[in-house]
Amino acid sequence: MKGEDKKFILRMRVVFAAVIFVGFVLIANLFYIQISNGSRFRAQADGQYVVATYNSFERGSIFFEERDGSRITAAGQKSGYKLSVNPEEFTGDREELFNTVNDITPLDRDRFFDALDRKDRTYVEVLNHISKEDGETIKEQVGSALQLHAEKWRVYPLSGAAAQVLGFIGYQGDEYAGRYGLERQYEDTLKREDVDLYTNFFARTFHNVQNFVDPEKVPEGDVITTIDPQIQLFFEQQLESIQTDWRSESTGGVIINPHTGDIYAMGAFPRFDNNNFSDASISTFKNPLVENVYEMGSIMKPVIVSLAIDSDSINPDTLEYYDTGSVDVGIATIKNFDGRGRGWVDTQEILNQSLNTGMVYIASHIPKPTFRDYFDRFGMTTPTGIDLPNEARSLATNLSSNRDIEFANMSFGQGIAVSPITMVRALSALANGGMTSTPHVVKKIEYTNGFSKTFDYTESGRQAISKETSEEISRMLVNVFDAYRDGQVKLPDYSIAAKTGTAQISNPAGGYYSDRNLHSFFGYFPAYDPQFLVFLYTVYPKGIKYASQTLIDPFKETTKYLVNYYNIPPDR
Amino acid sequence: MNAFLQKINTDVGRKRVFHMLIGGIILSFVLYGFAIASTTLSVADAETSNHNINELQTEIAELEVLYFSMINQLSLDQAASHGLNQVDTLKYVRVNQPTSVAYNR
């Protein structure tokens with residue numbers, strides 16, 4: 001090769017290298033410009049309308065899903081304005097200004113005038129969450145006397161429905177994050193990194209890449225729940241009526257698919273409005289269905305009967321017991337709820353009439369290790385793993401006892417305290433063929449990177465009792481429900497398995513209150529292939545003694561609603 | 001490669017290559033600017049649209065909730081006042097799927 005050729009090739013390589021170098025410089029320059037000057041450009045853009053607000057709040061949504069798959073935003077976002085004043089420089093007519101703004105959107109008079117009085121301050125907010133339309137009107141009519149700032153905020157369109165399930169976001173120290181419910185449980189999924197796309201394309205791109213490759217990083221996404229908004233709203237109407245009709249201390253309930261553990265509705269009263277909870281009692285923020293434990297009373301009886309049958313401790317076809325109305329266990333005497341004896345009764349009658357004495361008799365046939373083993377199998381001693389925070393642990397130390405009285409008490413639902421959701425899991429096993437399921441409220445997460453994750457809990461269950469025992473106890477519970485109020489309650493075309501419970505409430509000072517009860521109720525239908533299990537409880541209802549008086553009607557209304565809503569065919 | 005370079009290594013060829021390189025560089029700049037601008041704007045538009053969709057979904061949810069609460073307040077008396085009667089005896093016919101049912105009087 002000639003020397004001139006070599007020189008040409010060298011030049012060509014230099015030119016190519018220069019082109020590549022210039023390309024890199026351009027990319028680096030654009031990257032630098034977008035990162036370092038992004039906020040300034042954004043401020044210029046926003047400044048055309050209002051004072052720019054940086055780090056605008058961004059967060060993923062939580063959806064409820066209807067039967068047909070259409071989604072309703074249960075926790076979303078809105079954008080608008082907040083209004084502030086500079087008291088130090090304000091010189092206008094206060095009254096006129098107040099009236100002008102108040103005519104556009106309601107304004108707290110005291111807050112407004114207090115703000116203007118703070119002459120040592122240059123910035124005091126006087127109103128938040130102003131809609132875009134109202135904000136524009138204020139700007140037109142008020143001009144520069146007040147300052148508008150762009151603002152985004154969290155909105156819960158259901159205004160308090162499923163309040164404890166959704167939770168809310170708030171400050172704890174300097175951190176603004178989910179504090180209760182799903183907002184807390186899925187904080188890492190719902191929160192958004194402070195990366196503004198408009199001015200920082202590269203940062204956003206690299207941020208997404210980081211989300212992909214970092215195994216520790218929880219991808220950003222939206223949460224889709226199993227909760228049906230229509231059922232939730234209807235169910236909470238029923239719960240509220242229980243709460244107000246009987247002036248209860250608290251009331252709660254769950255509607256769950258006993259096969260899959262999908263929770264269709266979950267609510268508790270007193271509740272709060274997630275949009276405005278500043279005046280609400282902190283105690284209402286907790287989800288009592290998950291975070292509280294109660295002695296559940298007679299709804300525990302079907303669990304005991306089923307474990308007695310499943311372990312061959314009793315034969316329900318031949319068991320007979322002579323009921324005198326009370327029975328001595330050690331030094332204690334256990335009585336029926338009314339103190340009356342029924343004479344000879346069988347297992348079905350013990351359940352129908354909810355006889356404590358009969359349950360003590362059945363429990364006396366169950367070896368204590370068997371009792372403990374089945375309670376473990378039913379999940380009474382372990383958390384359910386529900387996807388909500390702060391799940392309570394059962395108070396089940398009496399299971400470790402060897403005294404007969406403890407097991408006698410547990411046979412009718414006293415002496416062991418479990419959370420409602422733990423009870424619901426155990427009752428689901430009665431309904432679904434004997435398997436415990438994992439109750440849950442989230443079915444899917446849709447990530448912003450385009451992927452999604454669907455939750456499947458069907459393999460997480462454990463066989464608590466056999467399918468045959470499940471069918472047997474379901475048959476008995478159908479008879480129980482059919483017999484309520486001399487058959488006036490039953491739905492002729494639908495088999496419903498159900499049981500009421502009335503428990504004494506323990507007194508922290510020792511023993512039990514003589515005048516306070518917890519009423520509980522569960523029912524599932526269609527009884528032999530149930531799609532729904534409805535659980536209700538109310539704590540300390542006033543002027544009423546038994547759950548059969550407080551909870552059967554709301555249950556029946558809920559059942560009729562579900563039958564219509566889902567077009568459930570009759571099964572008998 | 002070498003054969004190709006020898007072929008274009010003439011005065012005319014060099015000028016052509018030079019002009020092509022200049023043109024290529026200018027074209028690269030234009031394409032670069034166009035690609036970055038359109039990509040940035042597209043992604044920004046998508047994000048803006050997502051924000052708008054989220055806000056509209058929230059507003060739709062508020063309307064839906066209002067609708068649900070209204071239909072939940074409907075009573076049998078109201079239905080009766082509009083000429084609708086509750087059927088006391090229903091007869092059911094199962095259609096197609098196990099979970100769907102048709103019913104009439």
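**Figure 1. Helix α16 of chain A lies across four strands of chain A in this predicted model.** Welcome to the first close-up, where α16(A), residues 420-431, lies across β8, β18, β19 (512-525) and β20 (532-539) of chain A. The helix runs at about 145 degrees to β20(A). Another helix, α17 of chain A (residues 467-483), also packs on the sheet, where α17(A) touches β18 and β19 of chain A. The direction of α17(A) makes about 80 degrees with that of β18(A).

**Figure 2. Five strands of chain A form an open, antiparallel sheet.** Reading across the sheet, the order is β9-β8-β20-β19-β18 in chain A. Look to β9 (263-269) and β18 (497-506) of chain A for the edges, since each of these strands pairs on one side only. From one strand to the next, the twist averages 10 degrees. Zooming in on one pair, strand β8 of chain A (residues 250-256) is joined to β9(A) by 6 bridges, and the two strands run antiparallel. One residue to pick out is A:G252, whose bridge partner in β9(A) is A:A268.

**Figure 3. The largest nonpolar core has 127 residues.** Within this core, A:A74 and A:L533 are the residues that touch the most other members. Helix α16(A) supplies the largest share of the core, with 8 residues. If you would like to explore around A:A74, its contacts are A:I62, A:F63, A:F64, A:Y156, A:L158, A:A162 and A:L166, leaving aside residues up to four places away in sequence. There is also a second, separate core, made of 12 residues, with A:L83, A:V101, A:F112 and A:V126 among them.

**Figure 4. Helix α13 of chain A is largely enclosed by the rest of the structure.** This helix covers residues 356-364, and 8 of its 9 residues are buried, so the surrounding structure largely encloses it. The buried residues of α13(A) are A:N356, A:T357, A:G358, A:M359, A:V360, A:Y361, A:I362 and A:A363. For the wider setting, buried residues make up 44% of the 572 residues in chain A.

**Figure 5. Chains A and B meet in a contact that takes 29 residues from chain A and 28 residues from chain B.** On the side of chain A that touches chain B, the elements giving two or more residues are α1 (3-46), β2 (71-85) and α9 (229-245) of chain A. Helix α1(A) gives the most to this side, with 7 residues. By residue type, the chain A side divides into 19 nonpolar, 8 polar and 2 charged residues. The partner, chain B, has 3 helices and 2 strands. From the N terminus on, the elements of chain B run α-α-α-β-β. Of the 105 residues in chain B, 7% count as buried.

**Figure 6. Stepping back, chain A has 19 helices and 20 strands.** The radius of gyration of chain A is 31 Å, well over the 25 Å that the globule rule gives for 572 residues, so chain A is more spread out than a compact globule. Its C-alpha trace spans about 110 × 85 × 45 Å along the principal axes. Among the contacts in chain A with a separation of 6 or more, 71% join residues 24 or more positions apart.

Conventions: Residues numbered from 1 in each chain as written. Chains lettered and ligands numbered in written order. Predicted model: local features only at pLDDT ≥ 70, side-chain atom pairs only at ≥ 80, totals over all residues. Rg over C-alpha atoms; globule rule 2.2 N^0.38 Å. Buried ≥ 20, exposed ≤ 12 C-beta atoms within 10 Å, placed from the backbone. Contact = placed C-beta atoms within 7 Å. Pairing = 2+ DSSP bridges. Axes fitted to C-alpha atoms, helices over the stretch in contact; angles between N-to-C directions. Core = buried A, V, L, I, M, F, W, Y, C linked by C-beta atoms within 7 Å. Nonpolar A, V, L, I, M, F, W, Y, C, P; charged D, E, K, R; others polar.
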